[in-house]
Amino acid sequence: MRAFAAAATAVAAPTPARLRLRLPFGPRAPRYGHCRAASSSRLLRVSCGATTMGDETSTSVPAQQQEPTVGAGSVKQQLSRLVISSLRATVPEVEVEPMVEVSAKFADYQCNNAMGLWSKVKGSGTSFKNPNAIGQAIAKNLPSSDIIESTSVAGPGFVNITLSNSWVAKRIQDMLVNGINTWAPILPVKKAVIDFSSPNIAKEMHVGHLRSTIIGDTLARMFEFSNVDVLRRNHVGDWGTQFGMLIEYLFEKFPNWQEIGSQAIGDLQVFYKASKHRFDNDPEFKERAQQGVVRLQGGEEKYREAWKKICDISRSEFDLVYKRLNVELEEKGESFYNPYIPQVLAELNSKGLIQESEGAQVIFIEGYQIPLIVVKRDGGFNYASTDLAALWYRLSVEKAEWIIYVTDVGQQQHFEMFFKAARMAGWLPDPKENKFPKTNHVGFGLVLGSDGKRFRTRSTEVVRLVELLDEAKSRSKSELLQRLTENGKIVDWTDEELEQTSEAVGYGAVKYADLKNNRLTNYTFSFEQMLSDKGNTAVYLQYAHARICSIIRKSNKDVEELKMSGAISLDHPDERVLGLYLIRFAEVVEEACTNLLPNVVCEYLYNLSEMFTKFYTNCQVVGSPEETSRLLLCQATAVVMRQCFQLLGITPVYKL
């Protein structure tokens, strides 16, 4: 799919006068779009365990440089800072990181350091008699704070922490006044590259690209919300051998192609299939096409002009999908990195990493039977060559600290070898060192049809994304019109509202059906399930959000005024449960970023809607003595739900 001819000279980007090559690289496989994801480490290691993600292990990383300001970060991060102070006072001779987790039963949070500390100090003349004694000391040494209402110690030293109701209420009210951005988690990186979508020029985007695009966009949104500078990279396949085939076919069929422009190509998919058929069945044409690649990559003007025209037509097709999905990307395709490949390979060769094997130049990676090929037998470059050059550029020019690649799980081995080659070159640190820069492959499973096989049309063709998204909108509109007609509310809707709501619900349903699953698993595509208003679907969540908005509207109160003059109280048990879950939003986003799992946000959003339903069922809002406080809780829930929708790339609706 992406091959490089050896005669690669200046292409899309000028080569800097000096290139200091000091980074790592390796091979890559064909992709449904690629996104490289490095495990994000936490500013404060709240948990000491590593999380296996199927493709690579995500490990927490120690805090960087300066301490965050008081009150910054998630609740878990703030509690962890208190625990750090206590640990220093309790066992000053032992360096240990805080282990703070949400408590399932006995309190709101729990510190689990005591048993680990006991194993370190036991037999060393310590005054502590058992883990429980250490837990008691940790609880006693916690600094005074408005956050904590009470503590208790259970079993072998588990320190149970109950948060102050007044502090929880104040945190929610502060968010309402100052904005949801004040709840952004603190991540240990400032700049990240997220490489996703990545279709091949002259080929149709299909459901494989859908997953890469949706998952990559959500990761980018989560990192951006967390104040990370995200470089959204679309590494399109725009420099492969297929261009010789396409260009020669264009020249042959339309000698006057420059005069008739895009009309010569027409439907790019039909044009591609016709040229491929000719390439496979005509040896003379095949030879001309192969020579055409060399002439293109050698910079011959006629070939470059035709190449650009084909790329432009293809991009316009991609943009139809990106516009519907509301996804923004900056294209830096394979051609962009082509000028850097020779110097990158020279750097690797100078370090003794490249060897000759059966006429090709390769890097042997320990633990793998096959080597990483960086120059093919015919002297051409390949995925590995380009990936190495792209990684070098991202590390040394763009100064990215975390580089994340989003592609299907079938490319896992390619990325494992690629990352190991980079470490061999000294471009990336050993993962055990928990240092940056880091790289990660974010793998994802297949989209299946109702028959359990790869999702295709009845004619066994791959599903065109534009048609799939248009179908989602059409079905959404039909169901909305039917419901509004049946309940007599159709007169309250304008045509524009119907159109916008159908888009938001339809496109959102497709996205959420994908994102709610653990990305490593396959999932079955079903319009019926994703557009259902029952269960864990985007439609159900849109209804839940619209319902909250309706409650606030019917109160006839100015919520903007209430949040400045009123106050939140959490006296009813269901008020407290809802309030406590609201303030956990930041650590949920932090977890999703750390482990590169968007489904964590989906799960939180669904649980939040369920908790709100229970609160609303048991706590009268409008007309109650607690109306002001409860309206503010409604507003806070709506604000957090909207932020979750934003992170997932879903447009919220305010009435349904």
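Pro 437 sits in the loop between helix H14 (412-424) and strand S14. In this predicted model, the peptide bond joining Phe 436 to Pro 437 is cis, with omega at about 5°. Just past that loop comes S14 itself, which covers residues 438-444.

**The parallel sheet**

So where does S14 belong? S14 is part of an open sheet of five strands, and the order across the sheet is S9-S8-S7-S13-S14. The pairing here is parallel. Which strands stand at the edges of this sheet? They are S9 (330-331) and S14, and each has a single partner strand, so one side of each is left without a neighbour in the sheet.

Further in, you can follow strand S7 (residues 191-195) alongside strand S13 (residues 402-408). These two run parallel and are joined by four bridges. If you want one pair to look for, try Val 193, whose bridge partner in S13 is Ile 403.

**Two residues with positive phi**

Follow the chain out of S7 and you get to the loop that leads to helix H5 (207-225), where you'll find Ser 197. Ser 197 isn't a glycine, yet its phi is positive, near 75°. Is Ser 197 buried or exposed? Ser 197 is buried, with a relative accessible area of 0%.

Now take a look at Asn 556, in the loop between helix H18 (538-554) and helix H19 (559-565). Asn 556 is not a glycine either, and its phi is positive at about 60°. Asn 556, though, is exposed, with a relative accessible area of 69%.

**The antiparallel sheet**

There's another open sheet to find, this one with three strands in the order S10-S11-S12. Its pairing is antiparallel. S10 and S12 are the edge strands, each pairing on one side only. From one strand to the next, the twist averages 50°.

Here are the two strand pairs of this sheet, each with an example of residues that go together:

| Strand pair | Sense | Bridges | Example residues |
|---|---|---|---|
| S10 (residues 355-357) and S11 (residues 360-363) | antiparallel | three | Glu 356 opposite Gln 361 |
| S11 and S12 (residues 372-375) | antiparallel | three | Val 362 with Ile 373 |

Val 362 is a handy residue to track. In S12 its bridge partner is Ile 373, and Val 362 is also the bridge partner in S11 of Gln 355. Between S10 and S11 the chain makes a hairpin with two residues between the strands. In that hairpin, Glu 358 takes a positive phi near 55°.

**Two helices that cross**

On to the helices. Helix H6 (residues 242-253) packs against helix H9 (residues 283-297) at an angle of about 110°, and their axes are 7 Å apart. How do the two helices lie relative to each other? With that angle, H6 and H9 are therefore roughly perpendicular.

On the H6 side, the residues that meet H9 are Phe 243, Gly 244, Met 245, Ile 247, Glu 248, Tyr 249 and Glu 252. On the H9 side they are Phe 285, Arg 288, Ala 289, Gly 292, Val 293 and Leu 296. Sorted by class, this contact has eight nonpolar, two polar and three charged residues. Those residue numbers are easier to read with one rule in mind. An α-helix has 3.6 residues a turn, so residues three or four places apart point the same way.

**A covered helix**

How many of the ten residues of helix H20 (residues 573-582) are buried? Eight are, which leaves the helix mostly covered. The buried residues are Asp 574, Glu 575, Arg 576, Leu 578, Gly 579, Leu 580, Tyr 581 and Leu 582. Their cover includes strand S6 (158-163) along with four helices: H4 (165-178), H21 (585-595), H22 (599-618) and H23 (627-647).

**The whole chain**

Stepping back, the chain has 23 helices and 16 strands. Of its 656 residues, 57% count as buried. Among contacts with a separation of 6 or more, 77% are between residues 24 or more positions apart.

How confident is the predictor? The mean pLDDT of the chain is 86, and 87% of the residues reach 70 or more. Go carefully at the start of the chain, though: over residues 1-68, pLDDT stays under 50. For that stretch the model has 322 contacts beyond four places in sequence.

How values were computed
Residues are numbered from 1 along each chain as its sequence is written. This is a predicted model: local features need pLDDT of at least 70, side-chain atom pairs count only at pLDDT 80 or more; totals for chains, interfaces and linings use all residues. Side-chain values use heavy atoms; hydrogens and water are left out. Axes are lines fitted to C-alpha atoms, for helices over the stretch in contact, and angles run from 0 to 180 degrees between N-to-C directions. Angles under 35 degrees count as roughly parallel, over 145 as roughly antiparallel, 65 to 115 as roughly perpendicular and the rest as oblique. Contact means heavy atoms within 4.5 Å. Ala, Val, Leu, Ile, Met, Phe, Trp, Tyr, Cys and Pro count as nonpolar, Asp, Glu, Lys and Arg as charged, and the others, Gly among them, as polar. Two strands pair if DSSP finds at least two bridges between them. pLDDT is the predictor's confidence in each residue, from 0 to 100. Buried means under 20% relative accessible area, exposed over 50%, partly exposed in between (1.4 Å probe, protein chains only).
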